[in-house]
Each structure stands twice: as C-alpha cells, then as structure tokens.
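Student: Hi! I have this one open and don't know where to begin. Please walk me through it.

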Amino acid sequence: MYQILCFGDSNTHGYNGETQGRFSWEQRWTGILARRLGPEYRVIEEGLNGRTTGFAEHGMKYRDPVPYLAPCMLSHMPLDLMAVMLGTNDTKPVFNVSPEESARSMRKLMLRVRNYMRIKEQRGRVLLIAPVPMTVSALSSGIEFDLASVEKSRQLAPLYKGIAKELEVDFWDAGAAGIELCGDGCHFSERGHRQFAEELERQIRSLIEGI
C-alpha cells in the first residue's frame, strides 16, 4: 500500500468558507483523493487552520509547522509521498513578510521534509504544491488579509518552483489548475475540492506509478 501524507493549512483541513464549518470527509479533497486512488493508497490528512510555513501569531505557536513536522512525519512512516501546500497564511498583515521571506521559510521547511524522508534510507518522494492564489473577495474576511496579501499569494508559485528545482523535489502549481474558490476568495468551494482531488490524483499517479 502506498502511503501519502498531505500536510497543509485550512484548505487541507477542509474549512468551509461559506459556513465557517468543515466539509465532510466525503467532500474534502483528501477524502475524494483517497476514493479516486483506491485501496492501494492510504491518504493521511494533516491540515490545520492558520498553519504557516514557519511563523506564528502570539498565543498560537501551534500554527508554526516546524515543531510538529518531525513527530508528524515519523509517526506515519514509511511514506511514499509527502505533499506540502502552505504559504497563504504567511501573507497576513500581522506577519509583515514579503513573498521572498515566505519562500525562504518554505525552503527551510522543505529541507527538513527532505531530510526526514531520507531517514533509514527511505526513497519516498516530496511534492511541493504552490497554493491557489486568493482573490480580492478575501478582503471581506476582516483584518486577516489585505490587498497586499492577495498580491503576495500570486507571487508564491514561481518562488516555490525555484525551491523545488534547487532541492530536487517535485513541484505542482495548483493555481494553474483553475480550482474554484468559495465566496470568501480564500478557501476551496465544494466543487474546488473535487477539482483539486482530480488534478492531484494525476500528479500522484505520474510520480508514483510513472504514468
């Protein structure tokens, strides 16, 4: 059985931007992906609302992925694929970081991921996913995001592509796949979850099965 670990933020957790609740397992892209891949695959969902590439707001240190990364990965090993999609929350005004700073933080995180994947001579693959950029509708979500956040989210993909090339890990720009967002301009709609799962399935089968 192939083990796939999906590590991300609220769009991996399945946050529903319309209801402020959570999509069901059957509606979330992780659940849809598991169903589409079939019994030969085990999809492990590790999504946390607000998770960043390496930053934390006061009182919410748990949103920094670094302390949790090792126990998370090691508890699920052996892994055939580790898929990481983070960066949207880095664009919040509270952090005041540039896309380049966010990319440097992601690079450090991906170095850790790559090193953990090599423990005990594992040969699992690492997939760095550039998140779907936000739209201006995200500005209606209150003080969390501003217009600069939207622009920063659009600049992450080329920076992540460079990181993937440097570290020799796989890359996918989810923003180029036409994934539908809900009315809040930040989170996947129910249709978007289906679209994301379908596109990611193609990526995974290509990487693992070579088709």
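Tutor: Happy to! Let's start with one term: two strands pair if DSSP finds at least two bridges between them. Keep in mind that what you see is a predicted model.

Student: Okay. What order do the five strands of the open sheet have?

Tutor: Following the sheet across, you meet E4-E1-E5-E6-E7, and the pairing is parallel. Strand E4 (41–47) and strand E7 (170–173) are the edge strands, as each pairs on one side only. From one strand to the next, the twist averages 20°.

Student: What holds paired strands together, in general?

Tutor: Backbone hydrogen bonds do that job, and the pairing can be either parallel or antiparallel.

Student: Let's go into the middle. How many bridges join E1 to E5?

Tutor: There are five bridges between strand E1 (residues 2–8) and strand E5 (residues 81–85), and the two run parallel. Ile4 stands opposite Leu81 in E5, and Cys6 has Ala83 of E5 as its bridge partner.

Student: And on to E6: how many bridges join it to E5?

Tutor: Four, and E5 and E6 run parallel. You can pick out two partnerships here: Met82 has Val126 of E6 as its bridge partner, while Ala83 is partnered by Leu127 in E6. So you can follow a path with your finger, from Cys6 to Ala83 and from Ala83 to Leu127.

Student: Where does that path go in E7, starting from Leu127?

Tutor: It reaches Asp170, which stands opposite Leu127. Also, Ile129 is opposite Trp172 of E7. E6 and E7 run parallel, with four bridges joining them.

Student: Which E5 residues are buried on each side?

Tutor: Leu81, Ala83 and Met85 are buried on one side, and Met82 and Val84 on the other, which leaves both faces of E5 covered. Strand E6 (residues 125–130) is mostly covered too, with five of its six residues buried.

Student: What about E7: which side chains point to which face?

Tutor: Asp170 and Trp172 point to one face and are buried, whereas Phe171 and Asp173 point to the other and are not. In a regular strand, side chains alternate between the two faces of the sheet.

Student: New topic: helices! Which strands does H2 touch?

Tutor: Helix H2 (residues 29–37) packs on the sheet and touches E1 and E4. The direction of H2 makes about 175° with that of E4. Helix H3 (residues 66–76) lies across E1, E4 and E5, and runs at about 160° to E1.

Student: Which H3 residues are buried?

Tutor: Those are Leu69, Ala70, Cys72, Met73 and His76. The buried residues of H3 pack against E1, E4, E5 and H4.

Student: Oh, H4 too. At what angle do H3 and H4 pack?

Tutor: At about 20°, and the axes of H3 and helix H4 (residues 99–117) are 11 Å apart. Angles under 35 degrees count as roughly parallel, so H3 is roughly parallel to H4. Their crossing is right-handed. Among the residues making the contact are Leu69 and Met73 of H3 and Leu109 and Tyr116 of H4.

Student: How do H4 and H5 cross?

Tutor: The axes of H4 and helix H5 (residues 147–167) cross at roughly 35° and come within 9 Å. That crossing is right-handed. The residues that meet there include Ala103 and Met106 in H4 and Leu156 and Leu159 in H5.

Student: Last topic: I noticed some cysteines. How many disulfides are there?

Tutor: Zero. To be counted, two cysteine sulfur atoms must be within 2.5 Å. For Cys6, the nearest cysteine sulfur belongs to Cys72 and is 11 Å away, so Cys6 is in no disulfide.

Student: Is Cys6 buried or exposed?

Tutor: Buried, with a relative accessible area of 1%.

Student: And how far from Cys182 is the nearest cysteine sulfur?

Tutor: That sulfur, from Cys186, is 7.9 Å away, and Cys182 is in no disulfide. The cut-off for buried is under 20% relative accessible area, so Cys182, at 9%, counts as buried.

Notes: Residues numbered from 1 in each chain as written. Predicted model: local features only at pLDDT ≥ 70, side-chain atom pairs only at ≥ 80, totals over all residues. Heavy atoms only, no water. Axes fitted to C-alpha atoms, helices over the stretch in contact; angles between N-to-C directions. Contact = heavy atoms within 4.5 Å. Buried < 20%, exposed > 50% of the residue type's maximum accessible area, 1.4 Å probe, protein only. Parallel < 35°, antiparallel > 145°, perpendicular 65-115°, else oblique. Left-handed = near helix turned anticlockwise from the far one by under 90°.
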